[in-house]
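Got the sequence and the 3D view open? Let's take a walk through this one together, a strand at a time to begin with.

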Amino acid sequence: MATLPIGIFRVAERSMEPSIHEGSYVLVCRWCRSFSPGDVVVLRSPEDGTVLVKRVKTRGKKGLFVIGDNAAVSRDSRAFGEVAESSVMGKVVYTA
Amino acid sequence: MNAVKAILRGLDRIVGFPVAYAHCDIPCGIYDPHAAQVAAHTVVRMDSLIADVVKGGVSSAEDRNKLVRYISVKEQHAEILKHEVEVLWSDYFKPDHLKEVPGLHELVWNTLKLASKAKQSTDLKVAEELLESVEKVAEAFWKTKKVATVRVKSFYPTERTFVYPKA
């Protein structure tokens with residue numbers, strides 16, 4: 001599936017509530033490589049390689065600063081810092 | 001549930017989409033097999049100390065006091081070990097990790113059983129088996145982190161070995 005332009009992921013856990021509920025599905029555009037603040041992206045955690053879904057807050061020097069919408073329960077760039085764009089797998093274009 | 005989601009859910013049951021974690025905090029992220037290994041070394045050490053004091057005949061109140069303290073510490077540290085390994089198992093390890101460490105469930109199960117056995121016994125061999133098993137858990141942990149490990153002689157009176165990540 002890595003070569004397809006669109007990937008589908010099931011979202012586990014609640015750190016993107018209320019915009020993405022636990023158990024939702026996200027369609028990810030793998031060819032969408034320009035990221036702006038406000039975009040929701042799927043990325044590999046720099047900590048352990050887990051696939052994460054987060055929202056881009058700002059662009060920094062080293063990459064993107066990503067944060068969960070439900071910030072109180074989210075582990076994100078506040079913990080692991082900016083993430084390189086190369087570890088971002090794509091942009092979420094549709095949520096169901 | 002809308003129609004798209006119903007379709008996706010149906011497909012998911014068939015093909016199994018990958019999971020993206022929104023990643024809840026507390027206590028995500030802080031995991032280490034170090035504490036479990038320290039506990040295993042403590043159990044080994046206590047069995048040696050118990051053997052020493054028993055060899056002397058346990059003739060005085062002082063000796064009895066020592067014996068009871070060693071057993072008590074062995075009991076506590078076997079319990080710490082179980083807790084530490086259980087946390088790695090339930091919280092850290094993810095289904096994906098099973099591909100890298102296919103025997104993970106069996107390994108954890110054996111380790112926990114050995115910890116119980118080490119409580120029941122004062123046999124040094126059982127404690128050594130426990131240590132070996134915990135070291136395998138440590139190696140499995142670091143493998144899933146893509147970090148190479150090294151087994152070095154421990155810096156404790158127990159000597160034997162300890163698994164460290166290769167810095």
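Find V40(A) and look across to β4(A): the bridge partner you'll meet there is R55(A). Keep in mind that you're looking at a predicted model. That pair belongs to a longer match-up, since strand β3 (residues 40-44) of chain A and β4(A) pair in the antiparallel sense, with five bridges between them. These two strands form a hairpin with six residues between them. Pause at G49(A) in this hairpin, where phi is positive, near 80°.

Now follow β4(A) onward. How many residues does the next hairpin use to get from β4(A) to β5(A)? Four residues make that link. Strand β5 (residues 64-67) of chain A pairs with β4(A) over four bridges, and the sense is antiparallel. For a landmark, try R59(A), which stands opposite L64(A) in β5(A).

Next, let's cross over to the other chain. Which way do β1(A) and strand β1 (residues 19-21) of chain B run when they come together? They run parallel, joined by three bridges. You can spot this by finding R10(A), which stands opposite V19(B) in β1(B).

Zoom out a little to take in the meeting of the chains. Here 25 residues of chain A are in contact with 18 residues of chain B. On the chain A side, β1 (6-12), β2 (25-29) and β4 (51-59) each supply at least two of the touching residues. The largest share, five residues, comes from β1(A). As for character, that side of chain A has 15 nonpolar residues, four polar ones and six charged ones.

Finally, let's head into the inside of things. The largest nonpolar core has 27 residues, and the ones touching the most other members are A40(B), V43(B), L81(B), L130(B), V134(B) and V137(B). Two or more core residues come from each of these elements of chain B: α2 (34-55), α3 (61-92), α5 (104-120), α6 (124-144) and β3 (161-165). Which of them gives the largest share? That's α6(B), with eight residues.

Take V137(B) as a case to look at. Setting aside its neighbours within four places in sequence, V137(B) is in contact with P33(B), A36(B), V85(B), L88(B), L107(B), V108(B) and T111(B). Apart from this core there's another one, made of 24 residues, including F9(A), Y25(A), V56(A) and V66(A).

Definitions and conventions. Residues are numbered from 1 along each chain as its sequence is written. Chains are lettered from A and ligands numbered from 1 in the order in which they are written. This is a predicted model: local features need pLDDT of at least 70, side-chain atom pairs count only at pLDDT 80 or more; totals for chains, interfaces and linings use all residues. A nonpolar core is a set of buried Ala, Val, Leu, Ile, Met, Phe, Trp, Tyr and Cys residues joined through C-beta atoms within 7 Å. A residue is buried if 20 or more other C-beta atoms lie within 10 Å of its own, exposed if 12 or fewer, and partly exposed in between; C-beta atoms are placed from the backbone. Two residues are in contact if their C-beta atoms, placed from the backbone, lie within 7 Å. Ala, Val, Leu, Ile, Met, Phe, Trp, Tyr, Cys and Pro count as nonpolar, Asp, Glu, Lys and Arg as charged, and the others, Gly among them, as polar. Two strands pair if DSSP finds at least two bridges between them.
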